[in-house]
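Colleague: Mind walking me through this one? I'd like to ask about a few local details and hear how you get to each answer.

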Amino acid sequence: MSTPTRAFVGRLSELDVFDPLGDKVGRVRDVVVTFSVTRARPRVIGLVVEVAGRRRVFVPMTRVTSVEGGQVITTGLVNMRRFEQRGNETLVVAELFERPVAVRTEDGEIVDATVEDIGIERLGTRGWSVTRAFVRVATPRPARGFTRLSRRRGESFVVPIEDVSGLHVVSEGQGATRLLETYEDLKPADLAEVIHDLTPRRRAEVADALSDERLADVIEELPEDDQVEILVGLAVGRAADVLEAMEPDDAADLLSELPTERREELLQTMEPDEAADLRRLLTYDENTAGGLMTTEPVVLGPEASIAEALAVVRRKELSTALACTVFVCRPPLETPTGKYLGVVHIQRLLREPPHNPLGGILDKDVEPLLPTASLGQVTRMLATYDLVGLPVVDEGGHLLGAVTVDDVLDHILPDDWREERHDVVAPGVAPEGVAGG
C-alpha cells in the first residue's frame, strides 16, 4: 500500500498545476472543503486554480493524480467556467486561515488558538480530507498536554483536526493577513474579483486588512453594490482617507450612491481641497464629460521642459491612460487651471530633445469639451481622432479635468460587466455543467 499523499494548504496554494504531458495548466489559489455533521473530518472536494487570463476555475480532487515534488499533476481535463462558490463550500485560504478556534489538549483542557494552516491528506478510496491544523496559541496556558513549543502564548503546533472545534463557525474579528499574502501578486482588478466572491463579513475583514491605497485601487474595480457595502462598513475617518486615495471621478461616482447625510459627513471629514474637487464633480450628470472626467490629469506650464514632462508621466501611480497626455496650461496648474493652451502626446515627447519647452510642441488641434458634453460626444471624439484623453474646459477656457478612454469604457459597458467577464466557456473545452464542487 502506497504512502498517503499529504500537503499543507499554505504550501499547496503556491504550486503550479500541470497536465500529464508536463504542460502548465495554472496555479493553485485555494482549496475547497465541505463540512458535515456526520463526518469528523471536513472533505476536500477540489482546488481553485488560476489559469490564463487570471480566470479562477474549479478542479475536482478526482482530477488530481499527484501533489508531490513541488507541483500538482492533474488528468488534464479542466472546465474553464469561472469558479463560483456554493453555499455549502468553504475556501480554506480565504475563510479558514486566521479563524479563531478552540483546541483540546491531551489532558482535556480547552485553549483558544488561531488557525495558521490546514493539512489535507488523501486516504485511499475515501478521497481527500482535512486531517490536521497548524494553530497558534492565543492565550497562555499551563505547561501540560502538548510539547514545550506550545506552552506560551504566540507559539504554534500541529493538532489533529478532531481536536479542533469551531473551525466551521464564522467568528468576529478574524484576520486576513494570510489571505492577502496569498494574493499579494494580483493586480487590483483580479484581487477585486476574489473579494467579490467572499461573504460580506469576510469582505469587511479583508478591507480592514488592506492599506488605504490598495483598498482604494480594489474598490475602483468592484461592482457598485460591493463598493457601497465596503465604504459604509468603514469608520468615517478611514472611509474619507480611502476616498482621497481613489481617482476623483471614481470617488465621486461612489459618493453619489450614498445617502445624503453619509455623503456630507464624509466630505466634511476629507481634506478641503480633495472635498472641493469631489463636490464639483458631483454637480455634473454622470453621463456628461463633467461627470466622466478626472480632476487630476497631468498638467504642466508651457515653460516646463520635455525632460520634466517625461519624469512626471513615468510616475507609477499614474494610470496608463493619464500618462499618455500632458495638458499644458497657464498657472495655476491645479484644476481649475489658468488658460488651457493645448496638449502634448507622449509619442511627441519621446521624439523631441529633452531640453526643449513644452510650449513649442503643443497640439492645438484637439478640441476641448465643455463639461456638459454628452457621453456620445465624448465617445465620438475619442474614436474619430484615435485619442486616449480629452481636455474638459469651462466657458472661460480653464482646464477643469480630462476624460480618458477607460472612463468612457466603464460607462458604456453593461452595468454587470464585472460579474460577467469570465462566464464564457473557452472554445474546445468540454463543459462539465458546474464550476463548483
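What follows is a chat about salt bridges, helices, backbone details and a surface patch.

Colleague: Before we start, what kind of model is this?

Modeller: Worth keeping in mind throughout: local features here need pLDDT of at least 70, and side-chain atom pairs count only at pLDDT 80 or more. That is because the model is predicted.

Colleague: Let's begin with charges. How many salt bridges does the structure hold?

Modeller: The cut-off is a side-chain nitrogen of Lys or Arg within 4 Å of a carboxyl oxygen of Asp or Glu. E317 with R315 falls inside it at 3.9 Å, and E50 with R29 does too at 3.1 Å. Over the structure, the number of salt bridges is 25.

Colleague: How far apart in sequence are E50 and R29?

Modeller: The side chains of these two meet in a salt bridge, 3.1 Å from N to O. E50 sits in strand β4 (residues 43–51) and R29 in strand β3 (residues 24–34), so the pair links distant parts of the chain, and E50 itself is buried at 10% relative accessible area. The separation is 21 residues.

Colleague: Is R29 buried or exposed?

Modeller: Buried means under 20% relative accessible area. R29 comes out at 0%, so it counts as buried.

Colleague: R29 has a salt bridge to D185 as well. How many residues apart in sequence are the parts tied together by that pair?

Modeller: The D185 and R29 side chains meet at 3.1 Å, N to O. D185 lies in the loop between α3 (177–182) and α4 (188–196), while R29 is in strand β3, so the pair ties together parts separated in sequence by 156 residues.

Colleague: And D185 itself, how accessible is that one?

Modeller: Partly exposed covers the range between the 20% cut-off for buried and the 50% cut-off for exposed. D185 falls in that range, so it counts as partly exposed, with a relative accessibility of 36%.

Colleague: Back to the pair E317 and R315: which class does E317 fall into, buried or exposed?

Modeller: R315 is partly exposed, with 39% relative accessible area. E317 has 56%, and the cut-off for exposed is over 50%, so E317 is exposed.

Colleague: Which residues are joined into one network by salt bridges that share partners?

Modeller: R29 pairs with E50 and also with D185, which gives a shared partner to start from. Salt bridges that share partners make one network out of R27, R29, E50, R54, D185 and D190.

Colleague: R54 caught my eye in the backbone. What is its phi?

Modeller: R54 is found in the loop between β4 and β5 (55–60), and it is partly exposed at 27% relative accessibility. It isn't a glycine, yet its phi is positive, at about 60°.

Colleague: E98 has a positive phi too. Where does E98 lie?

Modeller: Its phi is near 70°, in a residue other than glycine. At 14% relative accessibility, E98 counts as buried. It lies in the loop between α2 (92–96) and β9 (100–104).

Colleague: Which residue does a cis peptide bond join to T335?

Modeller: There is a cis bond from P331 to P332, with omega near 0°, and P332 lies in the loop between β15 and β16. The bond from T335 is cis with omega about -10°, and its partner is P336.

Colleague: Which residues does P336 touch, leaving out those up to four places away in sequence?

Modeller: P336 is in the loop between β15 (325–329) and β16 (340–345), and it counts as partly exposed at 41% relative accessibility. Its contacts are R280, L399 and L400.

Colleague: On to helices. At what angle do α10 and α11 pack?

Modeller: R263, E264, L267 and Q268 in α10 meet A275, L278, R279 and L282 in α11. By class, that contact has four nonpolar, one polar and three charged residues. The axes are 9 Å apart, and the angle is about 145°.

Colleague: Why is helix α9 described as largely enclosed by the rest of the structure?

Modeller: The buried residues of α9 are P248, D249, D250, A251, A252, L254 and L255. The helix spans residues 248–256, and it is largely enclosed because the buried share is seven of nine.

Colleague: Last one: which residues make the nonpolar surface patch of about 300 Å²?

Modeller: One member, L413, is in the loop between α17 (405–412) and α18 (417–420), and it counts as partly exposed at 33% relative accessibility. The patch is made by V405, L409, I412 and L413.

Technical notes
Residues numbered from 1 in each chain as written. Heavy atoms only, no water. Patch = residues over 30% accessible without salt bridge, like charges linked within 9 Å, V, L, I, M, F, W, Y side chains within 5 Å. Areas by Shrake-Rupley, 256 points an atom, 1.4 Å probe, with all protein chains shown as cover. Helix = DSSP H or I, 4+ residues; strand = E, 2+ residues; numbered from the N terminus. Buried < 20%, exposed > 50% of the residue type's maximum accessible area, 1.4 Å probe, protein only. Axes fitted to C-alpha atoms, helices over the stretch in contact; angles between N-to-C directions. Contact = heavy atoms within 4.5 Å. Nonpolar A, V, L, I, M, F, W, Y, C, P; charged D, E, K, R; others polar.
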